[in-house]
Amino acid sequence: MFLPASYINTMRFRTLCVLALVLFASIDLSVAQFKSKSSFSPGELWLDNNGVHINAHGGGILLHQGIYYWFGEHKWNGNTALVGVHVYSSRDLYNWKDEGIALAVSEDPASEITKGCIIERPKVIYNEATKKFVMWFHLEYKGRDYKEARVGLATSDKVTGPFTYIRSFRPNAGHWPIEATDEFKSPADPEKEKALKGRAAVIGGRFVRRDYERGQMSRDMTLYVDDDRKAYLLTSSEENQTLHLHELTEDYTGFTGKWTRIFPGNENEGPAIFKHKGKYYMISSGCTGWKPNPARSGVADSILGPWKSMGNPCRGTDQEKKTTFESQSTFILPAPDRPDSFIFMGDRWRPENSSDGRYVWLPIEWEGDKPVLNWHAEWNMSVFSEK
Ligand code: GAL
């Protein structure tokens with residue numbers, strides 16, 4: 001069929017116009033998505049500046065020079081690490097820019113962080129003296145499931161990386177916790193000790209003694225830098241039965257030998273810690289894998305303890321209290337420009353489609369001196385000023 005050139009040109013022009021419109025609309029949409037958020041919607045999809053759901057699970061946040069950096073597990077196709085640790089940046093905590101992979105898994109099968117290992121709950125702190133960004137994370141060697149219970153270390157000169165993997169540890173090999181008595185180190189009656197079962201054996205230190213030479217187990221973990229710049233690793237140890245708090249060296253890349261046990265035999269995971277009016281507070285979870293359970297909370301005058309339990313911080317329906325709003329704690333962040341205000345960060349895991357896991361961020365509220373969590377389907381920083 002013969003079509004006149006003028007007709008074809010008009011058609012081309014129209015097609016071009018439609019294409020340009022579609023392109024413009026999609027750019028506009030992603031910009032709109034990026035700019036428009038001014039609130040948190042816990043449990044919903046949370047799109048980054050590219051319109052992609054944020055992939056930073058079990059995460060932690062570092063505030064550096066006025067910018068927040070969110071580091072977390074990049075989940076893809078299951079729960080082993082196939083990519084590494086993802087980092088996003090934000091000025092307001094609502095809108096996040098994808099900054100890429102901060103720590104990449106290695107293609108070298110001999111590397112401890114070879115593709116297919118497990119990297120969980122990465123946290124990054126900044127060392128003022130060395131000017132290094134220091135990342136710690138739970139590491140399991142490839143093919144070993146959760147058997148190794150190690151903690152990995154990586155450092156970088158630039159906040160968004162690339163981080164260089166340094167090594168992994170079983171913390172504080174050859175060091176007893178500060179509270180250990182002679183009886184704890186070496187029970188006077190070994191037969192009586194052997195007869196202890198379950199929780200009593202854990203409390204009595206059976207796993208600590210077992211792991212004394214090799215170093216203590218370390219699984220779910222967080223980092224905390226105190227006002228005096230001392231940093232600590234708080235980690236789930238003793239077969240996930242007891243939390244251990246390890247003081248880090250001045251450069252944050254090793255252990256000083258000073259450590260303590262917290263809540264022996266209480267099965268705490270997902271530990272998150274913050275300081276409010278001179279007291280240390282902790283929110284953690286129980287130990288039920290990817291399934292949520294009731295959160296716990298605790299308080300202490302000194303970070304090294306003694307810690308006192310404050311029970312389940314969740315308020316609301318029985319179901320909400322039983323499941324921590326279908327989430328598990330990972331980090332607690334001081335709210336921007338609001339002294340004494342904190343944000344609870346949790347993960348709503350989706351192991352069957354891991355990258356679709358959701359984030360449950362909620363304001364920490366107070367009942368007297370007790371931190372509590374209430375459900376807010378949508379909220380923003382103004383909840384803090386209303387108090
Ligand atoms: C959870 C833990 C997660 C992950 C998971 C594996 O209890 O908090 O970080 O390790 O178990 O089942």
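**Entry 1: a bridge in the sheet**

I began with His246 and found that its bridge partner in strand 12 is Trp259. I note at the outset that the model is predicted. I then looked up the strands involved: strand 11 covers residues 242-248 and is joined to strand 12 by 5 bridges, the two running antiparallel. I next examined the hairpin of strand 11 and strand 12, which has 6 residues between the strands. In this hairpin I recorded that Tyr252 takes a positive phi near 65°.

**Entry 2: the whole sheet**

I followed the pairing outward and found an open sheet of 4 strands, in the order 9-10-11-12, with antiparallel pairing. I asked which strands stand at the edges. They are strand 9 (221-225) and strand 12 (255-262); each has a single partner strand, so one side of each is left without a neighbour in the sheet. I noted an average twist of 25° from one strand to the next.

I then checked how strand 12 is covered, and found that 6 of its 8 residues are buried. At the other edge, I saw that strand 9 pairs with strand 10 (residues 231-237) in the antiparallel sense over 5 bridges. There I looked up Leu223, whose bridge partner in strand 10 is Leu233.

**Entry 3: a loop residue**

I turned to Ile303, which I located in the loop between strand 15 (296-300) and strand 16 (308-311). Is Ile303 buried or exposed? I found a relative accessibility of 4% for Ile303, and because the limit for buried is under 20%, this residue counts as buried.

I listed the contacts of Ile303, leaving aside neighbours within four places in sequence: Tyr224, Tyr232, Leu245, Ile273 and Tyr280. I also recorded a separation of 10.0 Å between the C-alpha atoms of Ile303 and Phe274, which are 29 residues apart along the chain.

**Entry 4: the largest pocket**

I looked up the largest pocket and noted a space of about 780 Å³. Which of its lining residues are the closest to its centre? Of the 29 that line the pocket, they are Ile61, Leu63, Tyr224, Val225 and Pro334. Tyr224 had already appeared in my list of contacts of Ile303.

I then asked which elements give two or more residues to this lining. I found strand 1 (57-64), strand 5 (118-127), strand 9, strand 13 (269-276) and strand 17 (328-334). By class, I recorded 20 nonpolar, 2 polar and 7 charged residues in the lining of the pocket.

**Entry 5: cavities**

I asked how many cavities of 30 Å³ or more a search of the whole structure finds. The search gives 2. For the largest cavity I noted a volume of about 60 Å³. Its lining consists of Glu73, His74, Lys75, Asn79, Thr80, Ala81, Gly84 and Ile119, which I sorted into 2 nonpolar, 4 polar and 2 charged residues.

For the second largest cavity I noted about 30 Å³. I found Lys37, Phe40, Ser41, Leu45 and Trp46 in its lining, with 3 nonpolar, 1 polar and 1 charged by class.

**Entry 6: the protein overall**

I closed with the protein as a whole, in which I counted 7 helices and 21 strands. I recorded that the C-alpha atoms fill a box of roughly 105 × 55 × 40 Å along the principal axes. Of the 387 residues, I found that 52% count as buried. Among contacts with a separation of 6 or more, I noted that 51% are between residues 24 or more positions apart.

Methods:
Residues numbered from 1 in each chain as written. Predicted model: local features only at pLDDT ≥ 70, side-chain atom pairs only at ≥ 80, totals over all residues. Heavy atoms only, no water. Pairing = 2+ DSSP bridges. Axes fitted to C-alpha atoms, helices over the stretch in contact; angles between N-to-C directions. 1 Å grid on protein atoms, 1.4 Å probe; cavity = no way out; pocket = protein on both sides within 12 Å on 5 of 7 lines; lining within 4 Å. Points joined across faces, edges and corners; volume = space filled by probe spheres on them. Nonpolar A, V, L, I, M, F, W, Y, C, P; charged D, E, K, R; others polar. Buried < 20%, exposed > 50% of the residue type's maximum accessible area, 1.4 Å probe, protein only. Contact = heavy atoms within 4.5 Å.
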